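Colleague: Got a minute to walk me through this one? I'd like the contacts, then the overall layout.

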Amino acid sequence: MKQGMLWYDNLSGKNLNERIEQAVNYFKQKYGEKPERCFVHPEMVIGQSEQDLSIKVVTDEKILHNHIWIEFPHVE
């Protein structure tokens with residue numbers, strides 16, 4: 001987790017997949033690349049399904065609630 005875009009979304013009416021897809025779409029539009037993975041707080045995935053996502057979801061306690069850290073592709 002070195003370089004990326006931090007996305008804040010506190011709309012509790014949407015599920016995690018919708019929130020991530022909205023962030024990914026914005027990322028693709030802004031940077032012209034499709035990210036490969038994102039990081040979320042572990043409590044955000046409780047009771048959520050990660051199926052049908054276009055990105056790998058990694059949990060990390062360093063990420064604040066309602067935030068999604070989208071990593072730039074090909075960053076080492």
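**Contacts and core**

Modeller: Let's begin with isoleucine 68. Outside its neighbours within four places in sequence, isoleucine 68 is in contact with Met5, Leu6, Trp7, Arg19, Ile20, Ala23, Cys38, Phe39, Val40 and Met44. Keep in mind that this is a predicted model.

Colleague: Which residues touch the most other members in the largest nonpolar core?

Modeller: Ile20, Cys38, Val40, Ile55, Val57, Ile68 and Ile70 do. That core has 17 residues.

Colleague: Which elements give two or more residues to this core?

Modeller: Those are β1 (4-8), α1, β2 (37-40) and β4 (67-71). The largest share, five residues, comes from α1.

Colleague: What about glutamate 18, where is it found?

Modeller: Glutamate 18 sits in helix α1, which covers residues 16-31.

Colleague: Why does glutamate 18 count as partly exposed?

Modeller: Because its relative accessibility is 42%, and partly exposed spans the range between 20% and 50%.

Colleague: How far is glutamate 18 from leucine 53?

Modeller: Their C-alpha atoms are separated by 9.2 Å. Along the chain, the two residues are 35 residues apart.

Colleague: Switching to the layout. What pattern does the chain follow?

Modeller: Along the sequence, the pattern reads β-α-β-β-β. That is one helix and four strands.

Colleague: How many of the contacts between residues at least 6 apart join residues at least 24 apart?

Modeller: 61% of them do.

Colleague: And burial and surface?

Modeller: The chain has 76 residues, and 39% of them are buried. Its accessible surface is about 4,900 Å². Carbon and sulfur atoms account for 45% of that surface.

Conventions
Residues are numbered from 1 along each chain as its sequence is written. This is a predicted model: local features need pLDDT of at least 70, side-chain atom pairs count only at pLDDT 80 or more; totals for chains, interfaces and linings use all residues. Side-chain values use heavy atoms; hydrogens and water are left out. Buried means under 20% relative accessible area, exposed over 50%, partly exposed in between (1.4 Å probe, protein chains only). A nonpolar core is a set of buried Ala, Val, Leu, Ile, Met, Phe, Trp, Tyr and Cys residues joined through side-chain atoms within 4.5 Å. Contact means heavy atoms within 4.5 Å. Accessible areas come from the Shrake-Rupley method with a 1.4 Å probe; for residues, only the protein chains shown count as cover.
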